[in-house]
Amino acid sequence: MNAFKNLLTRYFEPVLVAVIILILLFIDMFVVDKVVFLYFYFIPVLVAGYYIGKKGAVLSSIMTVLIVTLRLVISPETFSIRSKVDFDLVFQIVTWGSFLVLSSYVVGRLYEEKEARYRDLKQSYVGVIEILVKYIESVDRYTKGHSVRVADIAMDIARSMSLTREACENIKVAALLHDVGKIDVSMDLIKKAAALTKDERQVMNSHSERGANILNKVGNVLSDAVPIVLAHHEYFSKKEEDNLKVKADVPLGARIIAVADTYDAIVTDRPYRKGKLPWQALEEIEKSSGTQFDPEVVEAFRHVVSTYMEEQEHVSV
Ligand SMILES: [Fe+2]
């Protein structure tokens with residue numbers, strides 16, 4: 001069921017167009033009194049306006065009017081019992097067509113205005129989150145900029161996997177906030193250069209849960225980021241105690257952030273070691289493909305790292 005929902009979300013626009021075409025074919029083939037059903041064309045055209053925007057809606061309404069007009073000219077008997085076109089019918093169709101185009105324009109415009117406001121709002125809160133994260137991370141020079149870099153890498157992987165714009169944006173927000181639970185962990189522990197004790201490691205590991213709790217309190221705006229933040233250190237596949245069952249319930253966003261997070265940790269200098277090169281980090285991540293990391297994400301990440309290395313080569317030439 002989830003796979004069907006994901007598929008529908010991913011290919012929503014082509015599915016919508018196919019449904020509209022099927023409805024039109026159905027009306028054309030099976031409905032006898034087509035004049036009465038002309039008003040039915042408002043539904044697909046207005047839905048197109050709501051989901052695709054002004055341009056798509058106006059185009060589809062004009063196409064609909066043209067098809068109906070063509071049909072009226074070629075076979076007037078499908079609209080009227082008489083074989084000749086009567087002027088009342090022409091007037092009725094002109095009025096219908098004008099309202100159809102006008103309605104599609106209005107709905108499409110309202111949709112675009114709503115989308116623009118939503119984008120502005122989202123951009124603003126992503127900007128505020130970036131400032132907040134930069135401020136939180138500025139206290140430690142080794143983690144400085146980590147979340148912003150992880151967000152950029154995660155977005156590149158998500159785009160390489162052809163995820164929807166909405167999914168990419170959710171992943172960006174979750175990546176920016178993936179370590180927000182660390183604000184509940186003592187600063188001395190975060191900055192500690194020496195190896196952590198077992199208890200300290202446990203406290204440190206609880207930052208995913210602490211982060212999810214913090215975000216839960218914010219409400220609906222960040223609700224999509226909560227399961228991703230909670231699972232960003234989960235292994236893609238985990239051998240259960242008795243049967244080698246694969247644990248694949250980690251959200252895709254968390255699987256992407258896990259790779260981006262590990263890559264940034266490997267290539268960045270730490271108090272106890274120097275950062276490695278991108279290809280070395282890729283090799284390390286590939287070793288854990290299928291266990292710690294999702295192989296599909298690692299495959300997409302390989303393409304992303306190749307572009308990073310090409311860019312570095314261009315800069316150094
Ligand atoms: Fe983390």
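Helices, in the sense used here, are DSSP runs of at least four residues in state H or I, numbered from the N terminus. The structure is a predicted model, and this report follows its nonpolar surface patch, one tyrosine in a loop, and its aromatic ring pairs.

**The nonpolar patch**

With helices so defined, helix H2 (12-30) and helix H3 (42-52) each supply at least two residues of a nonpolar patch on the surface, whose area is about 1000 Å². Seven residues of the patch, its largest share, come from H2. The members are Val17, Ile21, Leu22, Leu25, Phe26, Met29, Phe30, Tyr50, Tyr51 and Ile52. One of them, tyrosine 50, is found in helix H3 and counts as partly exposed, because its relative accessibility is 40%.

**The loop between H2 and H3**

Tyrosine 41 lies in the loop between H2 and H3, and its relative accessibility of 10% is under the 20% cut-off, so tyrosine 41 counts as buried. When residues up to four places away in sequence are left out, tyrosine 41 touches Leu24, Ile27, Thr64, Val68, Trp96 and Leu100. The C-alpha atoms of tyrosine 41 and isoleucine 20 are separated by 9.0 Å, although these residues stand 21 places apart along the chain.

**Aromatic pairs**

A pair of aromatic rings is described by the distance of the centres and the angle of the planes. Three aromatic pairs are found in a search of the whole structure, and two of them are set out below.

| Pair | Distance of centres | Angle of planes | Class |
|---|---|---|---|
| Tyrosine 50 and tyrosine 111 | 6.1 Å | 55° | tilted |
| Tyrosine 263 and tyrosine 308 | 6.3 Å | 40° | tilted |

Tyrosine 50 lies in helix H3 and tyrosine 111 in helix H5 (residues 87-137), so this pair ties together parts that are 61 residues apart in sequence. Whereas tyrosine 50 is partly exposed at 40% relative accessibility, tyrosine 111 is buried, with a relative accessible area of 16%. Tyrosine 50 thus belongs to the nonpolar patch and also has a ring partner in tyrosine 111.

The pair of tyrosine 263 and tyrosine 308 joins helix H12 (residues 252-267), which holds tyrosine 263, to helix H14 (residues 295-316), which holds tyrosine 308, and so ties together parts that are 45 residues apart in sequence. Tyrosine 263 counts as buried at 6% relative accessibility, and tyrosine 308 is buried with a relative accessible area of 18%. Ring pairs also bring in Phe301, linking Tyr263, Phe301 and Tyr308 into a cluster.

Notes: Residues numbered from 1 in each chain as written. Predicted model: local features only at pLDDT ≥ 70, side-chain atom pairs only at ≥ 80, totals over all residues. Heavy atoms only, no water. Patch = residues over 30% accessible without salt bridge, like charges linked within 9 Å, V, L, I, M, F, W, Y side chains within 5 Å. Areas by Shrake-Rupley, 256 points an atom, 1.4 Å probe, with all protein chains shown as cover. Salt bridge = Lys/Arg side-chain N within 4 Å of Asp/Glu carboxyl O. Buried < 20%, exposed > 50% of the residue type's maximum accessible area, 1.4 Å probe, protein only. Contact = heavy atoms within 4.5 Å. Phe/Tyr/Trp six-rings, centres within 6.5 Å; stacked < 30°, edge-to-face > 60°.
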